[in-house]
Each structure stands twice: as C-alpha cells, then as structure tokens.
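Grab a coffee and open the viewer. Below you'll find some exercises to work through with the model on screen, each followed by a worked solution.

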Amino acid sequence: MAKKSKKQQQAGGGTPATVALAAAGVTYTVHAYDHDPSHPSYGEEAAEAMGVSPERVFKTLVADVDGALTVAVVPVAGQLDLKALAAAVGGKRAAMADPALAERTTGYVRGGISPLGQRKRLPTVLDASASQHATVCVSAGRRGLEVELSPDDLAELTDAVVAPVGRA
C-alpha cells in the first residue's frame, strides 16, 4: 500500500493536526460537530456539542512572550494567566498575540487553532490541570472538529512545558 502524502491525507478530510497524530501513532478520537458561528465561545460550544465537561476541553491561545510567539493550552472553563505563562517559559511579559499573526504563523483560523500540526512549531505550555484527566479535547484544526487524546501524548507531541497557566 502506498503511503499518502500529507497533502493527500488532508484532502481526504484530515487536518495537519490529525495527520500529525496519525503519523505519531498515538491513540486519539476525532469529534465533529456542527459549528454555530453565532455562539459566543468556540470552546464552550465544543464542550456542549460533545457533552464533555468544559474542564476537559482545552483552548489553544497564542501569546507574545517577550517578543516570541508562545502557545498556551488551557481549559475553556477558565482563562489564561499571562503572568504565569511568561514565568513558565522564562519570560518577563506576556500579551495576547495579534490574531492575524497567530493565524499566519500556525496555519489555522481563530477558533480552530490546534496545538498540533502547526505550520511553525511554537513553544507550548499545557495547563497543569490537564493531568487530572485521562483524556482532554483540543481543536483538531478547524471549527467544529476536536480531537481527544491523553494529556501525556499532547504534552509529548508538542514538547510542552506543563505548568499552572490557567485560572478559573
């Protein structure tokens, strides 16, 4: 059987995130749902649509830490603590990145940015609360598509620092 190229796999319905997961050989589950553009929160919408606790659904945020783009993966039920994010990567100051820059750099659109399969691999910090769950859900690379996997696999595949960067 011939191996499909990344482009061929994506054309068959995969995203860079699911292609990366398949290539890594980790166990994961894809959850698709009908995205409602009028919903006020992409993450809360995903949790509701999948019937999963918002503490297990994580959003991917891109921040600027001392001039370097950095990814934070935190529960949709809370917020990102920018000061804690900066400290987790040895920085002094953090601010949310320009959305257009985040989209260009990751290759994904807002509300669909995945920590996996990004165009340019960025330093990543996974909130420590992820370790409280057997599996967590993150964007699979487009709105209305989530992937569920173990937090250990997520941390390993993204080379993430695990630190308390989320707050309720």
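The exercises go through a hairpin, a helix, a sheet, a pocket and a few backbone angles.

**Before you start**

This is a predicted model, where local features need pLDDT of at least 70, side-chain atom pairs count only at pLDDT 80 or more, and totals for chains, interfaces and linings use all residues. Residues are numbered from 1 along each chain as its sequence is written, and side-chain values use heavy atoms, with hydrogens and water left out. Helices (H or I, at least four residues) and strands (E, at least two) are DSSP runs, numbered from the N terminus.

**Exercise 1. The hairpin**

Work out how β7 and β8 are joined, and which way they run.

*Solution.* Step one: find β7 at residues 136–142 and β8 at residues 145–149. Step two: look at the bridges. There are 5 of them between β7 and β8, and the strands run antiparallel. Two strands pair if DSSP finds at least two bridges between them. To check one bridge by eye, start at S139 and look for its partner in β8, E146. Step three: see how covered β7 is. Here 6 of its 7 residues are buried, where buried means under 20% relative accessible area, exposed over 50%, and partly exposed in between (1.4 Å probe, protein chains only).

**Exercise 2. The glycine in the turn**

Find G144 and say whether it is buried or exposed.

*Solution.* Step one: go to the loop between β7 and β8, where G144 lies. This hairpin has 2 residues between its strands, and G144 takes a positive phi near 90 degrees. Step two: check the accessibility. The relative accessible area of G144 is 7%, so G144 counts as buried. Step three: list its neighbours. Leaving out residues up to four places away in sequence, G144 touches H31, A32, Y33 and H35 (contact means heavy atoms within 4.5 Å). For a contrast, try S131: 13 residues from G144 along the chain, with 24 Å between the two C-alpha atoms.

**Exercise 3. Two sides of a helix**

Sort residues of α6 into buried and exposed, then explain why the buried ones line one face.

*Solution.* Step one: in α6 (residues 151–158), pick out P151, L154, A155 and T158, which are buried. Step two: look down the axis of α6. The buried residues fall within an arc of 95 degrees, so they line one face of the helix; the arc is that of the directions from the helix axis to the C-beta atoms. Step three: turn to the other side, where D152 and E156 are exposed. Step four: ask what does the covering. The cover over the buried residues of α6 includes β3 (68–75), β6 (124–127), β7, β8 and β9 (161–163).

**Exercise 4. The open sheet**

Trace the strand order of the 5-stranded sheet and name its edges.

*Solution.* Step one: follow the order β5-β2-β3-β6-β9, an open sheet with mixed pairing. Step two: the edges are β5 (94–96) and β9, each pairing on one side only. Step three: the twist from one strand to the next averages 35 degrees. Step four: zoom in on β3 and β6, which run parallel and are joined by 3 bridges; V71 has T124 of β6 as its bridge partner. Step five: bring back α6, which packs on the sheet, touches β3, β6 and β9, and makes about 165 degrees with the direction of β6. Axes are lines fitted to C-alpha atoms, for helices over the stretch in contact, and angles run from 0 to 180 degrees between N-to-C directions.

**Exercise 5. The pocket lining**

Which element gives the most to the lining of the largest pocket?

*Solution.* Step one: locate the pocket through Y42, T60, L61, R110 and G111, which lie nearest its centre among 29 lining residues. Step two: go through the elements that give two or more residues, namely α3 (42–50), β2 (58–65), α5 (99–106), β7 and β8. Step three: β2 comes out on top, with 5 residues. A pocket here is an open set of points on a 1 Å grid over the protein atoms alone, where a 1.4 Å probe fits, with protein on both sides within 12 Å along at least five of seven lines; lining residues have an atom within 4 Å of a point.

**Exercise 6. Positive phi**

Compare the settings of D66 and D159.

*Solution.* Step one: recall that most residues other than glycine have a negative phi. Step two: D66 has a phi near 50 degrees and sits in the loop between β2 and β3. At 47% relative accessibility, D66 is partly exposed. Step three: D159 has a positive phi of about 55 degrees and lies in the loop between α6 and β9. At 58% relative accessibility, D159 is exposed.
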